[in-house]
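Student: I would like to learn how to read a model like this one, feature by feature. Could we begin with the fold and then turn to the side chains?

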Amino acid sequence: MKAAMLHAPFDVRVDEVPEPRITRGDEAIVRITHSAIGGDDLAAYRGVGPGAQRRLGRECIGIVEATGPEVRGVAVGDLVVMPPLFSDSTCQECLAGQSSGCRSATHWGTSG
């Protein structure tokens, strides 16, 4: 599959990347239908902060294609909105409605 990749400041290319696969029970695969370039992407493009070798367009809308056995709340075929930062929905911060402070928060799309 293809992805817009930042290789270095001001160096964006469309690269062939591996097809996603579920490696943990709490993961899902989403077919991206729409994506946007966010502030973190723009900063990395300009060379501010970390960012080499990252996928761009990490704020997305898509359709759930597959889920691991531990995934709850979404199912194959669901339309989902994905911010660039995702949370576990189980820690104290998430349960208090502060998912941006999640102890397990992760940015997706940074591994290439």
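Student: In what pattern do helices and strands follow one another along the sequence?

Tutor: Helices (H or I, at least four residues) and strands (E, at least two) are DSSP runs, numbered from the N terminus. Here the chain reads β-β-β-α-β-β-β-β-α-β, which comes to 2 helices and 8 strands. This is a predicted model, in which local features need pLDDT of at least 70 and side-chain atom pairs count only at pLDDT 80 or more, while totals for chains, interfaces and linings use all residues. Residues are numbered from 1 along each chain as its sequence is written, and side-chain values use heavy atoms, with hydrogens and water left out.

Student: How many salt bridges does the structure hold?

Tutor: A salt bridge is a side-chain nitrogen of Lys or Arg within 4 Å of a carboxyl oxygen of Asp or Glu, and the structure holds 6 of them. One of these joins D41 to R54, with the closest N and O atoms 3.2 Å apart. Because D41 lies in helix α1 and R54 in strand β4 (residues 54–55), this pair ties together parts that are 13 residues apart in sequence.

Student: Is D41 buried or exposed?

Tutor: Buried means under 20% relative accessible area, exposed over 50%, and partly exposed in between (1.4 Å probe, protein chains only). D41 is buried, at 2%, and its partner R54 is buried too, at 9%. In another salt bridge, R103 and E93 have their closest N and O atoms 2.9 Å apart; there R103 is exposed, at 57%, whereas E93 is partly exposed, at 23%.

Student: Which residues form an aromatic pair?

Tutor: Rings of Phe, Tyr and Trp (its six-membered ring) pair if their centres lie within 6.5 Å; planes under 30 degrees apart count as stacked, over 60 as edge-to-face and the rest as tilted. The count comes to 1 aromatic pair, formed by F10 and Y45, which are edge-to-face at 5.0 Å centre to centre with 70° between the planes. The pair links distant parts of the chain, 35 residues apart, with F10 in the loop between β1 (2–8) and β2 and Y45 in helix α1 (residues 39–45).

Student: Which residues make the nonpolar surface patch?

Tutor: F10, V12 and Y45 make this patch of about 280 Å². Patch residues have over 30% relative accessible area and no salt bridge, like charges being joined within 9 Å and nonpolar side chains (Val, Leu, Ile, Met, Phe, Trp, Tyr) within 5 Å. F10 is exposed, at 55%, while V12, in strand β2 (residues 11–16), is partly exposed at 40%, and Y45 is partly exposed at 32%.

How values were computed: Accessible areas come from the Shrake-Rupley method with a 1.4 Å probe; for residues, only the protein chains shown count as cover.
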